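Here are some short exercises to work through with the structure open. Try each task yourself, then follow the solution.

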Amino acid sequence: MASSIRTLNPATGKIEKEFQAYTSEEINQYIDDAHNLYQSWRFESFENRKAVMKRVANEMRKQKARLAALITTEMGKPLHESEIEIEYSANIIDYYADNAEEFLADVTLDTEKGTAYVVSEPIGVLLGVMPWNFPFSQIARFAGPHIMAGNTVVLKTASNIPQCGIAFEEMFIAAGAPKGVYKNLLVAGKDTDSIVENPKIVGVSLTGSEAAGALVASLAGKNIKPSVLELGGSDPMIVLDDADIEKVMNGTINGRLRNAGQACTSSKRIIVQEGIYDEYLKQITAYVNNMKVGDPTQADTNMGPVSSESALEKLLDQINQSVEKGAEIISGGKRIDRDGFFLEPTILTEIEPGMKAYDEEIFGPVVCIWKVKDAEEALKIANDTPFGLGASIYTENVEYAQKLARRVDSGMVYVNKQVSSSPELPFGGTKHSGYGRELSKAGILEFLNKKLVMIAK
Ligand SMILES: O=CCCCC(=O)O
């Protein structure tokens with residue numbers, strides 16, 4: 001039987017490598033190793049943890065070309081985007097190596113009862129369940145903070161990027177990290193449940209679909225384990241009449257078409273005020289019609305394939321079903337006739353509730369545009385979603401943008417820029433986009449025992 005853990009190059013449609021899933025004995029052994037190492041790692045000095053993690057980040061930079069090629073082969077993003085992702089991943093790891101000690105310093109409390117302070121202690125072995133769309137940076141933002149905090153981690157990546165998962169672990173081996181601090185688990189999705197339930201796993205962080213998140217979080221909850229969920233999104237991008245069209249175009253290109261639109265924080269609903277609508281539609285149509293879509297290893301390629309045949313089929317179904325119900329295709333809308341899983345970059349307008357383009361997350365290069373009378377109508381559409389990850393607002397009236405930002409139901413609002421991430425800025429959502437935060441100081445605080453020490457007077 002063919003393995004479900006495999007590299008299937010989405011640019012060619014060819015299987016390049018298959019992997020055998022670990023047995024449950026192997027999985028348990030690796031979790032035991034992580035648990036055993038935790039007994040000493042938890043008391044390791046910040047200086048020593050930092051030295052290990054700095055070497056991991058350096059290895060990543062040294063091996064950037066090989067790692068970027070693996071990302072592109074396994075999930076299809078253009079090579080130049082993969083290289084940026086490797087740099088970014090190394091930066092995240094450096095950020096926590098440099099700042100963890102300060103973030104986790106004891107906090108003295110004001111009390112008349114005596115001397116009291118809170119110590120931030122690690123809690124044990126954490127499971128990360130990470131997706132394919134950013135194979136390295138998603139792991140970095142999990143492993144970087146929590147290993148620096150003194151936890152140890154095991155990691156399950158999506159089944160379509162096994163070589164990226166293995167390569168991430170190789171960075172730790174090359175850095176001389178102690179065995180057990182980081183372990184990649186080659187396991188199929190169905191084995192995740194038993195890992196969450198393993199008594200030596202004390203917390204889980206998942207980035208992925210709503211369905212996967214609900215399942216993993218319910219198992220974690222049943223076993224009294226904390227979880228962080230970073231799930232889907234249908235981020236609104238509100239464009240007001242006085243917006244700078246260049247910023248709006250940059251925001252659309254980087255915020256909707258980068259990574260072939262396969263980002264949780266992609267601007268999936270672009271809501272444009274009527275005064276700037278025609279100019280925007282003209283410019284975005286011209287851009288989309290001139291995009292170079294194709295081989296992601298070529299330097300001049302703007303967009304590669306989507307991740308899989310099933311992802312492509314789902315996108316085509318979402319487009320076609322919406323069109324049947326009255327949505328209009330301004331550009332694209334079809335599969336590109338070549339090997340691999342390529343979708344024409346697509347522009348859709350006239351989208352109404354009841355259409356998949358309105359009701360569902362569109363995880364691909366489909367620019368969905370709404371025309372609205374004013375900011376109030378824009379806000380109504382923006383908040384009409386079960387998701388609440390990010391949002392962006394484009395206007396030259398920054399004061400007004402900040403007022404609107406407080407009325408958007410989301411975990412992040414960017415003004416005059418696409419939603420993105422940065423080591424020092426918190427990342428996460430509300431509603432069905434999940435809970436908890438990654439990155440920044442907030443990210444390292446998720447899996448800790450905040451222990452009170454109180455010395456009575
Ligand atoms: O799919 C979500 C990944 C977030 C992308 C980013 O880090 O900007």
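**Exercise 1. Work out what share of the chain is buried.**

Buried residues make up 56% of the 457 residues in the chain, where buried means under 20% relative accessible area with a 1.4 Å probe, protein chains only. Before going on, note that this is a predicted model: local features need pLDDT of at least 70, side-chain atom pairs count only at pLDDT 80 or more, and totals for chains, interfaces and linings use all residues. Residues are numbered from 1 along each chain as its sequence is written, and side-chain values use heavy atoms, leaving out hydrogens and water.

**Exercise 2. Compare the radius of gyration with the globule rule.**

Step one: the rule, over C-alpha atoms, is 2.2 Å times the number of residues to the power 0.38. Step two: for 457 residues a compact globule would have a value near 23 Å, and the chain agrees because its radius of gyration is 23 Å. Step three: the C-alpha atoms fill a box of roughly 70 × 60 × 40 Å along the principal axes.

**Exercise 3. Trace the open sheet to its edges.**

Step one: the open sheet has 6 strands in the order 7-6-5-8-9-19, with mixed pairing; strands are DSSP runs of E, at least two residues, numbered from the N terminus, and two strands pair if DSSP finds at least two bridges between them. Step two: strand 7 (182-184) and strand 19 (434-435) each have a single partner strand, so one side of each lacks a neighbour in the sheet. Step three: strand 19 pairs with strand 9 (residues 227-230) in the antiparallel sense over 2 bridges. Here Leu 229 has Tyr 435 of strand 19 as its bridge partner.

Conventions. Buried < 20%, exposed > 50% of the residue type's maximum accessible area, 1.4 Å probe, protein only. Helix = DSSP H or I, 4+ residues; strand = E, 2+ residues; numbered from the N terminus.
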